[in-house]
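The exercises below are meant to be worked through with the sequence and the structure side by side. Try each task before reading its solution.

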Amino acid sequence: MKHKGRPTVLQSGSHHRIVWSESYSIGIKEIDDQHKGLIKFVNGLYDHATGNEEEEDAYFKKVINKAVEYIKTHFSTEENYMKATKFPGYGEHKKIHDEFVLTIINTAKNYEAGKRLALLLLAHFLKDWILSHVATKDVQYAHYFRSIATRKEDGTLSITPADIK
Ligand SMILES: [Fe+2]
Ligand SMILES: [Fe+2]
């Protein structure tokens with residue numbers, strides 16, 4: 001028996017989308033905004049994780065280079081904060097960033113070489129990595145930054161050379 005009405009809609013992984021929560025905030029607006037940008041990228045992967053190989057392929061190729069650039073920019077923003085404040089955990093944190101960038105670049109290369117990864121799995125991997133990195137690592141420099149920063153009249157935080165001597 002044939003079904004009438006709407007054709008079957010391919011399911012996407014949209015129900016896995018990350019919903020921004022204040023609990024993800026590390027309290028530095030520029031960084032929080034970039035974390036929101038990373039979450040948006042992961043959510044885009046979820047929305048396009050239909051299981052249809054051609055569609056997933058086209059989407060991956062469309063977004064991957066921009067995503068790598070975005071991730072690199074984000075990491076150097078954080079590293080600049082860490083250097084400017086002489087954060088003691090800078091070396092360790094930078095190493096974790098560098099390893100992650102290599103992982104993403106290798107994933108992209110493997111993908112191009114035909115070792116495709118389902119978008120759903122890629123999105124899960126990125127979601128887990130990003131959320132746990134923010135919650136366990138990024139909070140450390142944010143906490144340190146706040147402990148040495150001074151509050152300006154408008155309420156925002158800034159550091160002065162005197163703070164980091
Ligand atoms: Fe981060
Ligand atoms: Fe980080």
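**Exercise 1. Describe the overall build of the chain, beginning with how many of its residues are buried.**

Solution. The model is a predicted one, and in it buried residues make up 19% of the 165 residues in the protein chain. The next step is to list the elements: the chain has five helices and two strands, and from the N terminus on they follow the order α-α-α-α-β-β-α. Turning to dimensions, the C-alpha trace spans about 75 × 35 × 20 Å along its principal axes. The radius of gyration of the protein chain is 19 Å, whereas a compact globule of 165 residues would have a value near 15 Å. Finally, if we take the contacts with a separation of 6 or more, 73% of them join residues 24 or more positions apart.

**Exercise 2. Determine how helix H1 and helix H2 are oriented towards each other, and which residues make the contact.**

Solution. Two packed helices are described by the angle between their axes and the distance between the axes. Helix H1 covers residues 29-47 and helix H2 covers residues 53-84, and the two pack at an angle of about 160° with their axes 11 Å apart. Angles over 145 degrees count as roughly antiparallel, and H1 and H2 are therefore roughly antiparallel to each other. Their crossing is left-handed. On the side of H1, the contact is made by Glu-30, Ile-31, Gln-34, Gly-37, Leu-38, Phe-41 and Gly-44, while H2 contributes Val-63, Ala-67, Tyr-70, His-74, Thr-77 and Glu-78. Sorted by class, this contact has six nonpolar, five polar and two charged residues.

**Exercise 3. Carry out the analysis for H2 and helix H4, and state how the residues of their contact divide by class.**

Solution. Helix H4 runs over residues 119-148, and its axis and that of H2 come within 13 Å and cross at roughly 10°. Since angles under 35 degrees count as roughly parallel, H2 and H4 are therefore roughly parallel to each other. In this contact Glu-56, Tyr-59, Phe-60, Glu-78, Tyr-81 and Met-82 of H2 meet Leu-119, Asp-138, Tyr-141 and Phe-145 of H4. The residues divide into seven nonpolar, no polar and three charged.

**Exercise 4. Work out whether Phe-75 and Lys-94 are buried, partly exposed or exposed, and describe their surroundings.**

Solution. Begin with Phe-75, which is placed in helix H2. A residue is buried if 20 or more other C-beta atoms lie within 10 Å of its own, and exposed if 12 or fewer do; Phe-75 has 18 such neighbours and so counts as partly exposed. If residues up to four places away in sequence are left aside, Phe-75 touches His-97 and Val-101. Lys-94 lies in helix H3, residues 90-112, and because 16 other C-beta atoms lie within 10 Å, Lys-94 is also partly exposed. Although Phe-75 and Lys-94 are 19 residues apart along the chain, their C-alpha atoms are separated by 8.0 Å. Lys-94 and Met-82 are twelve residues apart along the chain, and the separation of their C-alpha atoms is 9.4 Å.

**Exercise 5. Find where Lys-86 lies and what sign its phi angle has.**

Solution. Lys-86 is found in the loop between H2 and H3. Its phi is near 50°, which is a positive value in a residue other than glycine. With 13 C-beta neighbours inside 10 Å, Lys-86 counts as partly exposed, because the exposed class ends at 12.

Definitions and conventions:
Residues numbered from 1 in each chain as written. Chains lettered and ligands numbered in written order. Predicted model: local features only at pLDDT ≥ 70, side-chain atom pairs only at ≥ 80, totals over all residues. Axes fitted to C-alpha atoms, helices over the stretch in contact; angles between N-to-C directions. Helix = DSSP H or I, 4+ residues; strand = E, 2+ residues; numbered from the N terminus. Parallel < 35°, antiparallel > 145°, perpendicular 65-115°, else oblique. Left-handed = near helix turned anticlockwise from the far one by under 90°. Contact = placed C-beta atoms within 7 Å. Nonpolar A, V, L, I, M, F, W, Y, C, P; charged D, E, K, R; others polar. Rg over C-alpha atoms; globule rule 2.2 N^0.38 Å.
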